[in-house]
Amino acid sequence: MFESDYAKTEYIEKDNVVLHVWKKEAHFDDYRKPVEASLEMLKAHENSVFIVDARNGFEDVKEDVEWGFTYFLPELKKTGCAIWGFILPEVSDIEGEIDLWTREIEKNFRVIRATSYESVLSLV
C-alpha cells in the first residue's frame, strides 16, 4: 500500500484490482509519486484491473498530462493491465479532463466509467 496526503493506492487481492484514490489536487512530484506507486503494484500483479477513484479529481497541469501520456501509459501497457476503471459521479466538474484522458487511454485499454467500485467490477 502507498499513502500520501494526495492519494492512496492499494492492491485488492480478491478482485485483482489496483485501486488508486485521489484525496486532493496534486501536481508534479505529489502527482507522480502516487501514480508511480500504482504502476509498481500493477507490475507486481500482472493483468490486474486499474481503478482510479477520481471523485476528488482535478485538472492536471500540462506537464503531468505529458508525463502520463509519454511515460505512465506506455509503462502501464507493459504490465498486462487491459482495463482502466474510473469512479466518478454521474456528472463531474472535470469532464474535460476525464475526456482527455479517456481518449488517450482507450487507445490501449478498455475504459469503464461508473459511480462506485462495485459498479466498475460488475462491468469487468
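**Close-up views of a predicted model**

**Figure 1. Helix α1 and what packs over its buried residues.** The cover over the buried residues of α1 includes β1 (2-3), β2 (7-12), β3, β4, α2 and α3. This is a predicted model. The residues of α1 that count as buried are Tyr31, Pro34, Val35, Ala37, Ser38, Leu39, Met41 and Leu42. With 16 residues, α1 reaches 22 Å from its first C-alpha to its last, close to the 22 Å expected at 1.5 Å a residue.

**Figure 2. Ser38 within helix α1.** Ser38 lies in α1 and has a relative accessible area of 0%, so it is classed as buried. Neighbours within four places in sequence set aside, the contacts of Ser38 are Thr9, Val18, His20 and Phe50. Phe50 also belongs to the largest nonpolar core, where it is among the residues that touch the most other members.

**Figure 3. The largest nonpolar core.** This core has 28 residues, of which Phe50, Phe72, Leu73, Leu76 and Trp84 touch the most other members. At least two residues of the core come from each of β3, α1, β4, α2 (62-78), β5 (83-87) and α3 (95-105). Helix α2 gives the most, with 6 residues. Leu76 touches Leu39, Leu42, Phe50, Cys81, Trp84 and Phe109, not counting residues up to four places away in sequence. Leu39 and Leu42 are among the buried residues of α1.

**Figure 4. Val120 and the second core.** A second, separate core is made up of 11 residues, including Ile83, Ile87, Ala114 and Val120. Val120 is found in helix α4 (residues 117-122). Its relative accessibility is 0%, so Val120 counts as buried. Apart from neighbours within four places in sequence, Val120 is in contact with Ile51, Gly85, Phe86, Ile87, Ile112 and Ala114. Two of these contacts, Ile87 and Ala114, are named members of the second core. Val120 and Glu40 are 80 residues apart in sequence, and their C-alpha atoms are 22 Å apart in space.

**Figure 5. The cavity and its lining.** The structure holds 1 cavity of 30 Å³ or more. The volume of the largest cavity is about 250 Å³. Its lining consists of 19 residues, and those closest to its centre are Trp22, Tyr31, Val52, Asp60 and Trp101. Tyr31 is also one of the buried residues of α1. By class, the lining has 14 nonpolar, 3 polar and 2 charged residues. Each of β3, α1, β4, α2, β5 and α3 supplies at least two residues of this lining. These six elements also each supply at least two residues of the largest nonpolar core.

**Figure 6. Positive phi at Phe28 and Asn47, in the loops on either side of α1.** Most residues other than glycine have a negative phi. Phe28 has a positive phi, near 55 degrees, and sits in the loop between β3 (17-22) and α1 (29-44). The relative accessibility of Phe28 is 41%, so this residue counts as partly exposed, between the 20% limit for buried and the 50% limit for exposed. The phi of Asn47 is likewise positive, near 65 degrees. Asn47 is placed in the loop between α1 and β4 (49-53).

Terms used. Residues numbered from 1 in each chain as written. Predicted model: local features only at pLDDT ≥ 70, side-chain atom pairs only at ≥ 80, totals over all residues. Heavy atoms only, no water. Helix = DSSP H or I, 4+ residues; strand = E, 2+ residues; numbered from the N terminus. Buried < 20%, exposed > 50% of the residue type's maximum accessible area, 1.4 Å probe, protein only. Core = buried A, V, L, I, M, F, W, Y, C linked by side-chain atoms within 4.5 Å. Contact = heavy atoms within 4.5 Å. 1 Å grid on protein atoms, 1.4 Å probe; cavity = no way out; pocket = protein on both sides within 12 Å on 5 of 7 lines; lining within 4 Å. Points joined across faces, edges and corners; volume = space filled by probe spheres on them. Nonpolar A, V, L, I, M, F, W, Y, C, P; charged D, E, K, R; others polar. Expected span 1.5 Å × (residues − 1).
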